[in-house]
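Subject: A structure for you to look at

Hi,

Here is the structure I promised to pass on. Please open it alongside this note, and tell me if you read any part of it otherwise.

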Amino acid sequence: MNRIETPFLIDVSIPSFEYYINSLAKTGKKNYKYTLKNNKDLTYSIINYDENIVNFFMKLWEEQLIRGEKKKWGFSSDYITYLNQKGVINLFAAYNSDSTILSLHFIEKYNEYVYCHPPLYDKNTSNKRYIAKYMWFNLIKYYIEHPESHWVDFGAGNRGTWKDLVINRKDYTKKMAYKWLYVPEHIKENPEKELDYVVEINQEGKKLKLQ
């Protein structure tokens, strides 16, 4: 049975990553500079799929507090492996000179549309790096520089269309405040110009479409 969810969209079909950074509000630009300064020792890249690494980081994430409580995944690492076997998983990592992975990020790619799960990392050792922001900025950069993709979706649950979400964004600041950091300033200032995108989810995967 098909279901509909709300996307949280970043348009990556733009001229360059520099163009994207320049489109952000001052806070976004400042945070990007901070991630560069504090993660100069790391390398970011897409890596070959490894179920053991995915399982390790998913279990680590469940052991940590997320907004004051521990969260359980709604699926196992076996499901991510299944998606990888279908050819829709891209796996990204940030690692140091010893090849130790500090953060892992798996996403689902469906043609021009990319659906993102959260970047995973040890909060006790990596939080001060702003490593989650480092991963998000680099993910956006990767897809801007690989123009087969058009949209990166951070996910927004069930809050109507993308246009509804942007218009009512002040109602959704508590749980997704960090996500608005990555949205260009002109979109937040002119939400009525956005389109009524939704995500349709079925057995074949996820598809972005206009409602």
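Below is what I found, going from the strands to the helices and the core.

A word on the basis: this is a predicted model, in which local features need pLDDT of at least 70 and side-chain atom pairs count only at pLDDT 80 or more, while totals for chains, interfaces and linings use all residues. Residues are numbered from 1 along each chain as its sequence is written, and side-chain values use heavy atoms, with hydrogens and water left out.

Let me start with strand S7, residues 101-110. Helices (H or I, at least four residues) and strands (E, at least two) are DSSP runs, numbered from the N terminus. S7 is mostly covered, with nine of its ten residues buried; buried means under 20% relative accessible area, exposed over 50%, and partly exposed in between, using a 1.4 Å probe and protein chains only.

S7 pairs with S6, S9 and S8, where pairing requires at least two DSSP bridges between the strands:

- S6 (residues 89-95) runs antiparallel to S7 and is joined to it by seven bridges. Phe92 has His105 of S7 as its bridge partner.
- S9 (residues 120-121) is also antiparallel to S7, over two bridges. Here Leu104 stands opposite Leu120.
- S8 (residues 113-116) is antiparallel to S7 too, with four bridges. Glu108 has Tyr115 of S8 as its bridge partner.

Two of these pairings are hairpins, and the turns are worth a look. S6 and S7 have five residues between them, and Ser99 in that turn has a phi near 65°, positive although the residue is not glycine. S7 and S8 have two residues between them, and Asn111 there has a positive phi near 55°. Most residues other than glycine have a negative phi. Both turn residues are exposed: Ser99 has a relative accessible area of 55%, and Asn111 is at 67%.

Next, helix H3 (residues 51-62). Its twelve residues reach 17 Å from first C-alpha to last, close to the 16 Å expected at 1.5 Å a residue; the expected span is 1.5 Å times one less than the number of residues. At the start of H3, a side-chain oxygen of Asp50 comes to within 2.9 Å of the backbone nitrogen of Asn52. Val54, Phe57, Met58, Leu60 and Trp61 are buried in H3. Seen down the helix axis, the buried residues fall within an arc of 160° (taken from the directions from the axis to the C-beta atoms), so they line one face of H3. The face turned away from that side carries exposed Asn52 and Phe56. Among the elements that cover the buried residues of H3 are S6, S7 and S9.

Finally, helix H6 (residues 131-145) and the core. The end C-alpha atoms of H6 are 21 Å apart, in agreement with the 21 Å its 15 residues should span. Twelve of those 15 residues are buried, including Trp136, Phe137 and Tyr143. The largest nonpolar core (buried Ala, Val, Leu, Ile, Met, Phe, Trp, Tyr and Cys residues joined through side-chain atoms within 4.5 Å) has 66 residues, and Tyr20 and Trp162 have the most contacts inside it. H6 gives the largest share of this core, eleven residues. Beyond its neighbours within four places in sequence, Trp162 is in contact (heavy atoms within 4.5 Å) with residues including Phe8, Leu9, Trp180 and Ile187.

Best wishes

Key: Polar contact = N/O pair within 3.5 Å; in protein donor to acceptor, adjacent residues only side chain to side chain.
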